[in-house]
Amino acid sequence: MRLVVVGCSGSFPGPDSAASSYLVQAEDAEGRTWSVLLDLGSGALGPLQRHVDPRTLDAVALSHLHADHVADLAVLNVLLRYHPEGPRGLLPVHGPAGTAERVAHLAGKDPATAVDGQFEFHDWQPGAPVQVGPLTIEPIPVAHPIPSFGMRVTGPSDGDPSRRVTLTYTGDTDDCAGLDVLARDADLLLAEAGYVEGRDDALRGVHLTGRRAADLAQRAGAKRLVLTHVPPWNDPAVPATEAMAVYDGPIAVAAPGAVYPL
C-alpha cells in the first residue's frame, strides 16, 4: 500500500497545490492495482491525472462535505459522463449522509439527474468497515463544524504483501476521542495541521495544530507523521517545528506528488 499526495493545501487551493486529495493504491494477490481516492478538493482533478486515469478509480472516500474536500467531484462527473470512450460504470463514492445531494448541487442540476450514471453513493456507517479490493477503510467520526470522518485504511505492505499495514487520515478535525481510535499503532498518520499554536488557540472544534497532531501521534504510537492541510498563509515550517517538540518519530510536511510507501 502506498500514499500519493495529490493536493494538500488547507481550506482552498494554493499557488503550489490543489486542496485536499490523497490517492491510496495497493496490489492484490493477482497483481491488480486498486486505487482509492481520499477526498477530491478544489483543483485536485488536474494533478490527479498525473498519477492515475480517473476512469480507473475503484472508489472515492470523502471525509466531509466542505468544498476544499469535495468540489472536484463535480468536474469528475463531467469527465466520466462525456469521455469519448464512453461510461466506465458507476464509481462508488462513500461519504457522510447527504453526499449525493451535495455533489449534485455542485454539478448545478437537480439532484436526481446531475450525477446519474456516474456515481454510486454510500453513506458512512461509523465504525463499519468498507472493503475495496485488498483495502479496508474504517470511518470514525471526528470533531469539525459539520459531520466529518477520519479514515483508517488497512492493506498489504508495499514491501512485504504478506504483512498488513495501516494508514490513518484524520480529515479535518480538532483533537477528540475518535482520533485515538483512528491513529492507534498506525504505520503512517496523515494529520491535518491547519491552525498555529498561540495564534489560533481560541478557535476550537475545527482544526489541529502541528503540536496537537504530534501529541496524537505520540500517544497513539504512530510510526510516522505526515502533516497536511496547511493553508497558504501559514509557513509549513511552523507546524513541523511544533510537532518536533512533542513527537520523537519521523515527521514530514505533505507536498504535491510525494509518495509514501507503507
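Start by selecting Ala220, which sits in helix H6 of this predicted model. Is Ala220 buried or exposed? With a relative accessible area of 8%, Ala220 is buried. Show its surroundings and, leaving out residues up to four places away in sequence, you will find that Ala220 touches Ala183, Arg184 and Asp185. For a sense of scale, draw a C-alpha to C-alpha distance from Ala220 to Ser9: the two are 25 Å apart in space and 211 residues apart in sequence.

Now step to Gly221, which follows H6. The phi of Gly221 is positive, near 75 degrees.

Next, pick one of the contacts of Ala220, Asp185. You will find Asp185 in the loop between H5 and E11. Its phi is also worth a look: near 55 degrees, a positive value in a residue other than glycine. Asp185 is partly exposed, with a relative accessible area of 46%.

Go back to H6 and select the whole helix, residues 210-220. Which of its residues are buried? They are Gly210, Arg212, Ala213, Ala214, Leu216, Ala217 and Ala220. To see what lies over them, bring up helix H5 (177-183), strand E11 (188-192), strand E12 (225-228) and H7, which are among the elements covering these buried residues.

Keep H6 on screen and add H7, residues 237-244. Two packed helices are described by the angle between their axes and the distance between the axes. Here the angle is about 40 degrees and the axes are 7 Å apart. H6 and H7 are therefore oblique to each other, and H6 passes H7 in a right-handed crossing. Show side chains where the two meet: H6 contributes Gly210, Arg211 and Ala214, while H7 contributes Pro239, Glu242 and Ala243. Sorted by class, this contact has three nonpolar, one polar and two charged residues.

Time to move to another part of the chain. Select Leu38, in strand E3 (residues 33-38). Leu38 is buried, with a relative accessible area of 0%. Which residues does Leu38 contact, once neighbours within four places in sequence are set aside? The answer is Ser21, Tyr22, Val24, Ala61, Met151, Val153, Leu167 and Tyr169. If you also mark Trp124, its C-alpha atom is 13 Å from that of Leu38, with their positions 86 residues apart along the chain.

Leu38 also leads you into the largest nonpolar core, which has 29 residues. The members that touch the most others are Met1, Leu3, Leu38, Val153 and Leu167. Apart from this core lies another one, of 24 residues; select Val6, Leu23, Leu57 and Leu62 to see some of its members.

Then click on Asp39, in the loop between E3 and helix H1 (45-51). Asp39 has a positive phi, near 70 degrees, in a residue other than glycine. Is Asp39 buried or exposed? Asp39 is buried, with a relative accessible area of 0%.

For the last stop, select helix H3, residues 73-82. Color its buried residues, which are Leu73, Ala74, Leu76, Asn77, Leu79 and Leu80. Now turn on what covers them, including H1, strand E4 (59-61), helix H2 (67-70), strand E5 (91-95), helix H4 (99-107) and strand E6 (119-123).

Key: Residues are numbered from 1 along each chain as its sequence is written. This is a predicted model: local features need pLDDT of at least 70, side-chain atom pairs count only at pLDDT 80 or more; totals for chains, interfaces and linings use all residues. Side-chain values use heavy atoms; hydrogens and water are left out. Axes are lines fitted to C-alpha atoms, for helices over the stretch in contact, and angles run from 0 to 180 degrees between N-to-C directions. Helices (H or I, at least four residues) and strands (E, at least two) are DSSP runs, numbered from the N terminus. Angles under 35 degrees count as roughly parallel, over 145 as roughly antiparallel, 65 to 115 as roughly perpendicular and the rest as oblique. A crossing is left-handed if the near helix is turned anticlockwise from the far one by less than a right angle, and right-handed if clockwise. Contact means heavy atoms within 4.5 Å. Ala, Val, Leu, Ile, Met, Phe, Trp, Tyr, Cys and Pro count as nonpolar, Asp, Glu, Lys and Arg as charged, and the others, Gly among them, as polar. A nonpolar core is a set of buried Ala, Val, Leu, Ile, Met, Phe, Trp, Tyr and Cys residues joined through side-chain atoms within 4.5 Å. Buried means under 20% relative accessible area, exposed over 50%, partly exposed in between (1.4 Å probe, protein chains only).
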